[in-house]
Amino acid sequence: MAIHDQGYRRYGGHREPHGTAWTVIAMAGLRAVFRRRALLAVLLFAWAPFFVRAVQIYAAANFPQAKFLAPTADTFRQFLQQQGIFVFVVSVFVGAGLIANDRRANALQLYLSKPLTRADYVAGKAAILASLLLFVTWVPALLLLVVQMAFAGNLTFLRDHLYLFPAVTVFAFLEVTMITFAMLALSSLSRNSRFVGIMYTAFLFFSQAIVAVLAVVTGGTSLSWISFSADLTQIGDAIFHLPLHYDMPWPVALLMVLGLMAASCGVLAWRVRGVEVVT
Amino acid sequence: MGPRTGLDGRTPFWTAAVRVFDLSLGEMLWSRRTILLLLLVGAPVVLAIAIRLLQAFGLPGMQVQGVRVAGPDLFGVIIWVLFIRFVVPVLGVFYGTALIADEVDDRTITYLFTRPIPRGAVLVGKYLAYLACTALITLPAVAVVYFVIVPPGGSIAATFPKLVVDLGLIAAGLAVYGSLFAFIGAWLNRPLIVGLVFAFGWEPIVMAVPGYLRHLTIAYYLQALVPQAMPQDSTVSLLQSLFRDLPTPATSLVSLAVIGVGFLILAARVVSSREYVLEP
Amino acid sequence: MSTTAAAPAAVIQTERLSKWYGQVIGLNDVTVAVPPGVTGLLGPNGAGKSTFLKLITGQLRPSQGTVRVLGEPIWNRPALFRRIGFCPEQDAFYDRMTGLDWVAALLRLNGLDEPASREAAARALEVVQLTDAAGRKIGGYSKGMRQRLKLAQAIAHDPELLVLDEPLSGLDPIARRHAIRLIRDWGRNGRSLIVSSHVLHEVEMMTSDILLINNGRILAEGNVHQIRDLIDEHPHTVHIRADQPRGLARLLLAADDVLSLKFGDGSVTVETAKPDVFYGRLTALAASGEAGPIHEVTSPDDNLQAVFRYLVK
């Protein structure tokens with residue numbers, strides 16, 4: 001009779017290929033995030049402007065008196081701009097603690113002692129914030145385009161504004177990528193998520209305030225590239241083929257945004273380590 | 001000399017508050033968050049120096065329609081836009097919401113709450129430390145900006161009283177915003193978002209809308225005390241200037257005092273009655 | 001634990017004390033009177049020890065019931081902390097301060113002036129053997145030093161009642177012995193102390209008066225030996241090493257106080273429900289020599305571990 005070995009055996013089942021570990025971090029992070037009722041309320045409330053716009057589009061399509069409400073390219077541009085408040089709230093609510101809380105709990109050592117690269121870790125964390133930000137920007141904006149086509153009952157608007165689908169996508173992804181990496185970089189600098197939230201607020205609003213002062217001094221907006229939200233606005237205007245808000249070339253704004261992303265990646269490469277030498 | 005005690009055996013409220021102030025001031029001043037504070041107040045100083053240098057070299061772009069912006073007017077813009085509408089609320093949110101929350105997160109609150117001192121005194125002591133720390137760094141920065149910006153095209157003797165008023169205004173803003181956010185921090189579990197939405201959402205929007213809602217902001221009362229003309233730098237401020245009906249300085253001062261003291265008392269009461277469960 | 005007319009007043013008294021966090025019950029209907037002296041609060045992790053200590057130090061408010069410390073309700077009564085010293089479990093300090101400055105600053109909150117607070121702080125640091133490190137920043141202390149520093153701030157103002165939450169955690173063996181001696185001396189000096197731990201033999205070294213807690217409930221309170229006596233539904237185990245274990249066993253089985261026997265190498269292990277009767281018979285047998293030489297009689301039951309195992313099952 002065969003006697004079976006009841007001792008410890010190595011796992012012989014299926015293993016996911018290398019490089020997919022970031023999905024585990026992302027899913028775990030999203031599950032934790034969705035357990036917070038306050039955040040769910042914010043995410044739901046973030047869709048309120050979508051419904052307002054949908055009503056506007058419906059009215060314009062079905063009531064001749066409401067023709068003045070007809071959407072243009074600027075409507076979708078403005079919608080994305082107005083979602084900025086929810087982008088800010090979600091970024092601070094979710095993003096501030098993404099890496100800071102792990103640093104506080106000394107969890108980076110645990111993560112990086114697994115078969116997980118730093119890139120996997122950062123990608124997983126980035127996926128958490130980026131997916132939520134896209135949920136309040138890209139998804140409702142795209143849906144608004146679909147709603148426009150549905151209520152209009154024809155493809156005239158789409159034919160005349162074919163660039164809107166890629167424009168919405170490019171702008172939303174650019175905005176979300178910039179904010180995600182900036183927030184993660186800030187989060188990696190501290191163990192206190194509250195501190196990170198304030199740093200992010202300072203980074204966002206202070207640069208705007210500086211630009212406002214410089215506008216008074218110079219009488220113009222040529223120095224607006226200092227403010228990253230102004231840079232995003234300028235790029236958005238260019239993408240949507242709208243008149244530019246500021247007196248600065250949009251490639252300068254794009255360069256600033258790309259520079260910020262590069263700097264954020266540099267900070268992350270410096271700060272996300274399993275071992276921290278304290279002198 | 002034996003311990004100073006009240007009739008009920010605990011250390012008297014203000015003695016305890018002063019001692020918590022002593023303990024907290026050092027912790028606040030020599031912490032990493034002071035770096036952020038220095039960056040926030042240092043940026044306007046750097047900006048002022050940069051503008052001054054560029055104007056001195058007569059570089060184009062530093063003039064509006066061929067005319068250089070006068071020093072006192074520029075100082076007014078910097079005070080209003082950078083300090084009163086940004087630095088002061090941010091410091092209030094940053095420090096005010098964290099007065100007790102940081103001690104809870106760091107799990108050092110136990111040592112303070114197991115001493116024979118009223119819990120409210122802990123909050124008041126830490127609030128005083130916040131006020132001292134932020135005023136110590138912010139007010140000199142404002143003075144530096146003044147002396148850098150004002151002299152060209154402005155008389156120091158003529159504008160010095162405005163500097164004094166501005167310094168008082170900033171100190172009052174730090175005190176009142178700090179008190180409000182101390183209450184929010186004591187009361188709510190997630191005070192930061194609420195504080196930021198109040199300072200950068202509620203106040204700017206409500207200030208642009210006519211009606212009584214503006215009385216539910218702190219900026220409304222601070223605005224009445226600003227000695228300089230308000231800058232018309234954005235649609236919001238333009239709207240604000242159109243719908244401006246400001247209270248008298250006396251009303252503003254009294255209102256700010258009531259708001260400041262009132263929220264501090266409320267915060268002390270919340271801290272006294274709330275239990276803080278530390279995470280393991 | 002019996003009370004008589006002359007029994008000293010309890011230092012800690014709880015009446016139907018309960019605490020819950022949402023749907024999680026931390027402490028459940030605890031009615032206990034902790035006498036003066038040294039009392040050990042014993043229980044596994046998650047038993048409710050820390051919740052109990054936080055309730056008696058006024059950090060948490062009872063969801064139900066009452067708690068009185070030194071005769072007075074503790075919640076929101078800061079004046080009582082002049083007479084209470086608390087050493088928390090968590091490792092949390094103002095790392096930028098030196099040990100001396102930190103203890104002195106906390107003493108100033110107790111109402112001492114600057115010179116008196118520094119003097120008292122220095123004395124407390126000397127007691128916990130931290131004098132040499134007093135001028136160094138706490139951030140550079142080892143785990144054991146930080147633990148001793150916590151103890152120092154608890155004793156520095158000479159309280160009547162000390163509440164210690166896992167005070168020996170992180171200490172090396174020498175420091176542990178020193179701390180245990182300090183705790184025993186505290187009790188001998190007429191002051192009271194309640195110390196929590198899940199390390200059974202350490203509590204045994206500090207005191208024989210214990211409170212056993214598990215799942216938020218007090219399982220037993222009193223002298224460890226008295227508690228053992230009360231557990232008469234659990235057989236008492238006696239291990240006997242003798243030259244003739246089988247002969248001894250035959251004689252022991254003659255009476256009805258033996259429940260079971262097991263033979264070992266040169267020994268017999270007996271389970272009895274009547275330990276007093278059994279020991280009497282065994283003594284008589286050993287004296288008469290009827291069962292041959294008996295070399296050793298031990299009872300693995302008569303210690304805290306056995307008591308705890310029985311009660312927590």
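Me: How many helices and how many strands does chain A have?
Reply: In this predicted model, chain A has 14 helices and 0 strands. Read from the N terminus on, its elements run α-α-α-α-α-α-α-α-α-α-α-α-α-α. The C-alpha atoms of chain A fill a box of roughly 85 × 55 × 30 Å along the principal axes.

Me: What share of the residues of chain A count as buried?
Reply: Of its 279 residues, 49% count as buried, a label that requires under 20% relative accessible area. The accessible surface of chain A is about 13900 Å², and carbon and sulfur atoms hold 68% of that area.

Me: Why is D237(A) called buried or exposed?
Reply: D237(A) has a relative accessibility of 2%. The buried class covers values under 20%; D237(A) is therefore buried. This residue lies in helix 13 of chain A, which spans residues 228-239.

Me: Which residues is D237(A) in contact with, leaving aside its neighbours within four places in sequence?
Reply: Those contacts are R77(A), L242(A), P243(A), L244(A) and H245(A). Each is called a contact because heavy atoms come within 4.5 Å. As for P17(A), D237(A) is 220 residues from it in sequence and 42 Å from it in space, C-alpha to C-alpha.

Me: How do you know whether chain A and chain C touch?
Reply: Touching requires heavy atoms within 4.5 Å. Chains A and C do not touch, and their nearest C-alpha atoms are 10 Å apart. There are 2 pairs of chains that touch, and the pair with the most contacts is B and C.

Me: Why is Q153(C) called buried or exposed?
Reply: The relative accessible area of Q153(C) is 1%. The limit for the buried class is 20%, so Q153(C) is buried. Q153(C) is part of helix 4 of chain C, residues 143-155.

Me: Which residues does Q153(C) touch, not counting those up to four places away in sequence?
Reply: From chain B, Q153(C) touches Y111(B) and R115(B). Within chain C, the residues touched are F86(C), C87(C), P88(C), W102(C), V103(C) and L106(C). One of these, V103(C), is 50 residues from Q153(C) in sequence, while their C-alpha atoms are 5.4 Å apart in space.

Me: How many helices and strands does chain C have?
Reply: Chain C has 10 helices and 14 strands. Its C-alpha atoms fill a box of roughly 75 × 45 × 40 Å along the principal axes. Of its 313 residues, 51% count as buried. Carbon and sulfur atoms hold 50% of its accessible surface of about 14200 Å².

Me: How far apart do the centres of the positive and negative side chains of chain C lie?
Reply: Chain C has 35 positive and 35 negative side chains, with the two centres 6 Å apart. In chain A, the mean positions of 20 positive and 11 negative charges are 12 Å apart.

Me: Which residues make the nonpolar surface patch of about 340 Å²?
Reply: The patch is made by F147(B), I156(B), F160(B) and V164(B). Helix 7 of chain B, residues 156-187, gives the most to the patch, with 3 residues.

Me: Why is V164(B) called buried, exposed or partly exposed?
Reply: V164(B) has a relative accessible area of 45%. Buried means under 20% and exposed means over 50%; the value for V164(B) falls in between, so this residue is partly exposed. Patch members need over 30%, and V164(B), at 45%, therefore meets that cut-off. V164(B) is found in helix 7 of chain B.

Definitions and conventions. Residues numbered from 1 in each chain as written. Chains lettered and ligands numbered in written order. Predicted model: local features only at pLDDT ≥ 70, side-chain atom pairs only at ≥ 80, totals over all residues. Heavy atoms only, no water. Patch = residues over 30% accessible without salt bridge, like charges linked within 9 Å, V, L, I, M, F, W, Y side chains within 5 Å. Areas by Shrake-Rupley, 256 points an atom, 1.4 Å probe, with all protein chains shown as cover. Salt bridge = Lys/Arg side-chain N within 4 Å of Asp/Glu carboxyl O. Helix = DSSP H or I, 4+ residues; strand = E, 2+ residues; numbered from the N terminus. Buried < 20%, exposed > 50% of the residue type's maximum accessible area, 1.4 Å probe, protein only. Lys, Arg positive; Asp, Glu negative; His and termini not counted. Charge placed at Lys NZ, Arg CZ, Asp CG, Glu CD.
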